[in-house]
Amino acid sequence: MDNFILNRIEEVKKNSFNINIGDIFSRAWDIFSATAFYVILGLILPSIIAWVINFILGLFISIPSFVVTDTDDFSNLSAQILTPIALFGMGLSFFINAALAPITVSILTIAKKYDEHRNPDFNDLFIHYKDGKFGSIFLAYIAIQIITVIATAFCVIPGVIFLVTSLFIFPFIVFSNLSVSEAIKSSFSVLWKNFGQSFLFCLASIGIFIIGGLACLVGLLVAIPLVYIGIYVFYKDVIGFEGNSNEIDQLGNTNDYQSNY
């Protein structure tokens, strides 16, 4: 963990933070409006790839599809789900989604790139497969899913707490080069410091999801990337960035915007 990030985390833990949720989503909307093609692609491309892979796997691995019509069906359903081949298929699908997570996480990187006055492009969707972040994102995705299930199983409240305090896990990995364990710990320690506003951010995000879902579900193509960008803006306001350098610069992509941004 570099000194800048360490100092910023300690400052937040000592002094807390204050955010304007309306302003965060207003700025997130400005970024979304300018990068809509790429961030929407970052959302739907993993789903398309996963569907194609699962379709091909489905030709060889049978994952049970069962309609429950009476109580006796539950035992039959459990028996089918617990077969080794079905468990293998579902586990494989889970790991496929984890392997594709870097594409969706690239929405954060695209938002930062635009915010720093540079043009995003198609290659940015795959940046985390070549910048050394794939392993951390892959493991973080798995850890988040497992911890969420465990925390929710014990009680809804621990699940909610983890959901709220996990918002910065991917930003810490992508922007701060933290390990998975460091990112989880740092995200919790920072967002727990002002859990109230962090919780309100999550409530606002859920509201955006609901509005997107009511818009014939097509609105989710806007709502989900918008929330991802909102997380980027949230992270920027609380943690910030040292200087003007970033991972994309290191990969040699230095396009300037041709706009009045």
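## Aromatic pairs, core and surface patch

Phenylalanine 199 has 30% relative accessibility, so this residue counts as partly exposed. Its place in the fold is helix α9, and it makes a good starting point for a walk through this predicted model.

**The overall fold**

Let's step back to the whole chain for a moment. The protein has 11 helices and 0 strands, so the pattern along the sequence reads α-α-α-α-α-α-α-α-α-α-α. Of its 261 residues, 43% count as buried. Among contacts with a separation of 6 or more, 78% are between residues 24 or more positions apart. The protein exposes about 13500 Å², and 66% of that area is supplied by carbon and sulfur atoms.

**A nonpolar patch on the surface**

Back to phenylalanine 199. Which residues form a nonpolar patch on the surface with it? The members are Val156, Val160, Phe199, Leu200, Leu203, Ile206, Phe209, Ile210 and Leu214, and together they have about 790 Å² of accessible area. Two elements, α6 (156–165) and α9 (195–214), each give two or more residues to the patch. Helix α9 provides the largest share, with 7 residues.

Helix α6 also has a buried side: Gly159, Phe162, Val164 and Thr165 are buried there. The cover over the buried residues of α6 includes α5 (134–154), α7 (169–176), α8 (180–193) and α9.

**Aromatic pairs**

The structure holds 24 aromatic pairs. A pair of rings is described by the distance of the centres and the angle of the planes, and here are two examples.

| Pair | Centre distance | Plane angle | Arrangement |
|---|---|---|---|
| Phenylalanine 175 and tyrosine 235 | 5.7 Å | 40° | tilted |
| Phenylalanine 195 and phenylalanine 199 | 6.1 Å | 15° | stacked |

The pair of phenylalanine 175 and tyrosine 235 links distant parts of the chain: phenylalanine 175 is in helix α7 and tyrosine 235 is in helix α10, 60 residues apart. Are these two residues buried or exposed? Both phenylalanine 175 and tyrosine 235 are buried.

Phenylalanine 195 and phenylalanine 199, by contrast, both belong to helix α9 and lie 4 residues apart, about one turn of the helix. An α-helix has 3.6 residues a turn, so residues three or four places apart point the same way. Phenylalanine 195 has 22% relative accessibility and therefore counts as partly exposed, as does phenylalanine 199 at 30%.

There is also an aromatic cluster, formed by Phe17, Phe25, Phe168, Phe172, Phe175, Phe201, Tyr232, Phe234, Tyr235 and Phe241. Phenylalanine 175 and tyrosine 235 from the tilted pair are thus among the cluster members.

**The nonpolar core**

In soluble globular proteins, nonpolar side chains tend to be buried together. In this model, the largest nonpolar core has 57 residues. Which of them touch the most other members? They are Phe168, Phe172, Val190, Ile229, Phe234, Val238 and Ile239. Helix α10 (residues 220–238) gives the most to this core, with 10 residues. Another core, of 5 residues, lies apart from the largest one, and its members include Leu45, Ala50, Ile96 and Leu100.

Isoleucine 239 is worth a look in your viewer. Leaving out residues up to four places away in sequence, isoleucine 239 touches Phe4, Ile5, Arg8, Val12, Phe168, Phe172 and Val190. Of these, Phe168 and Phe172 also appear in the aromatic cluster.

Technical notes
Residues numbered from 1 in each chain as written. Predicted model: local features only at pLDDT ≥ 70, side-chain atom pairs only at ≥ 80, totals over all residues. Heavy atoms only, no water. Patch = residues over 30% accessible without salt bridge, like charges linked within 9 Å, V, L, I, M, F, W, Y side chains within 5 Å. Areas by Shrake-Rupley, 256 points an atom, 1.4 Å probe, with all protein chains shown as cover. Salt bridge = Lys/Arg side-chain N within 4 Å of Asp/Glu carboxyl O. Core = buried A, V, L, I, M, F, W, Y, C linked by side-chain atoms within 4.5 Å. Buried < 20%, exposed > 50% of the residue type's maximum accessible area, 1.4 Å probe, protein only. Contact = heavy atoms within 4.5 Å. Phe/Tyr/Trp six-rings, centres within 6.5 Å; stacked < 30°, edge-to-face > 60°.
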